[in-house]
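Student: I've got a chain to go through with you. Can we take it piece by piece?
Tutor: Sure, put it up.

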Amino acid sequence: MKELLVTIAQGLVENPEAVRVDEDAPSEDGTVVYHLHVAESDMGRVIGKQGRIAKAIRLVMRAAATRNNAKVAVEID
């Protein structure tokens, strides 16, 4: 799952070397939170107008997690 998020983010940004994903331990309900870190100049590219790209990233991640019977959340820091 972490690799999928990195791959998506690196395809969107101008500085792919700055993409970093931190993973939290699963919470009591089994949700794993991924924290996506990108360069400050690339924040707008990852969030998109009115958050549309961020919503799409979260949707893809939830769909992939559902196939693995897992729960995920993505936070963009």
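Student: Is Asp 42 buried or exposed?
Tutor: Buried, at 1% relative accessibility. Keep in mind that this is a predicted model.

Student: Where does Asp 42 sit in the fold?
Tutor: In the loop between β2 (31–37) and α2.

Student: Which residues is Asp 42 in contact with, leaving aside its neighbours within four places in sequence?
Tutor: Val 13, Glu 14 and Asn 15. For Asn 15 there is a polar detail: its backbone nitrogen lies 3.1 Å from a polar atom of the Asp 42 side chain.

Student: And which residue forms a salt bridge with Asp 42?
Tutor: Arg 45. The closest N and O atoms are 4.0 Å apart. The cut-off for a salt bridge is 4 Å.

Student: What network do the shared partners make there?
Tutor: Glu 14, Asp 42 and Arg 45 are joined into one network by salt bridges that share partners.

Student: How far apart are the closest N and O atoms of Arg 45 and Glu 14?
Tutor: 2.4 Å.

Student: Why does that pair matter for linking parts of the chain?
Tutor: Arg 45 is in helix α2 (residues 43–47), and Glu 14 is in the loop between α1 (2–12) and β1 (20–23), so the salt bridge ties together parts that are 31 residues apart in sequence.

Student: Are those two buried or exposed?
Tutor: Arg 45 is partly exposed, with a relative accessible area of 38%. Glu 14 counts as exposed, at 59%. Asp 42, their network partner, is the buried one at 1%.

Student: How many salt bridges are there in the whole structure?
Tutor: Three. Besides the two made by Arg 45, there is one between the side chains of Asp 22 and Arg 20, at 3.3 Å from N to O.

Student: What about the accessibility of Asp 22 and Arg 20?
Tutor: Both are partly exposed. Asp 22 has a relative accessible area of 31%. Arg 20 is at 45%.

Student: Back to Val 13. Where is it, and is it buried or exposed?
Tutor: Val 13 lies in the loop between α1 and β1. It counts as buried, at 9% relative accessibility.

Student: What is Val 13 in contact with, sequence neighbours aside?
Tutor: With neighbours within four places left out, Val 13 is in contact with Val 19, Val 38, Asp 42, Arg 45 and Val 46. Two members of the salt-bridge network, Asp 42 and Arg 45, are in that list.

Student: And how far is Val 13 from Val 32?
Tutor: Their C-alpha atoms are separated by 24 Å. Along the chain the two are 19 residues apart.

Student: New topic. What is the strand order in the sheet?
Tutor: β1-β2-β3, in an open sheet with mixed pairing. β1 and β3 (71–76) stand at the edges with a single partner strand each, so one side of each has no neighbour in the sheet. The twist averages 25° from one strand to the next.

Student: How many bridges join β2 to β3?
Tutor: Six, and those two strands run parallel. One example of a bridge pair is Val 33 with Ala 73 in β3.

Student: Which helix lies across β2 and β3?
Tutor: Helix α3 (residues 52–67), running at about 160° to β3.

Student: What does Thr 31 do in β2?
Tutor: Thr 31 is in that strand and is buried, with a relative accessible area of 15%. Its side chain makes a polar contact with the side chain of Asp 29, at 3.2 Å. Beyond four places in sequence, the contacts of Thr 31 are Ala 25, Pro 26, Lys 71, Val 72 and Ala 73.

Student: Last one, the core. How many residues are in the largest nonpolar core?
Tutor: 18. Leu 5, Tyr 34, Leu 36, Val 38, Val 46 and Met 61 have the most contacts inside it.

Student: Which elements supply it?
Tutor: α1, β2, α2, α3 and β3 each give at least two residues. The largest share, four residues, comes from α3.

Student: And what does Tyr 34 touch?
Tutor: Leaving aside neighbours within four places, its contacts include Leu 5 and Met 61. Among the others are Val 21, Asp 22, Val 72 and Val 74.

Technical notes:
Residues are numbered from 1 along each chain as its sequence is written. This is a predicted model: local features need pLDDT of at least 70, side-chain atom pairs count only at pLDDT 80 or more; totals for chains, interfaces and linings use all residues. Side-chain values use heavy atoms; hydrogens and water are left out. Buried means under 20% relative accessible area, exposed over 50%, partly exposed in between (1.4 Å probe, protein chains only). A polar contact is a pair of N or O atoms within 3.5 Å; within protein, one must be able to donate a hydrogen and the other to accept it, and residues adjacent in sequence count only if both atoms are side-chain atoms. Contact means heavy atoms within 4.5 Å. Two strands pair if DSSP finds at least two bridges between them. Axes are lines fitted to C-alpha atoms, for helices over the stretch in contact, and angles run from 0 to 180 degrees between N-to-C directions. A nonpolar core is a set of buried Ala, Val, Leu, Ile, Met, Phe, Trp, Tyr and Cys residues joined through side-chain atoms within 4.5 Å.
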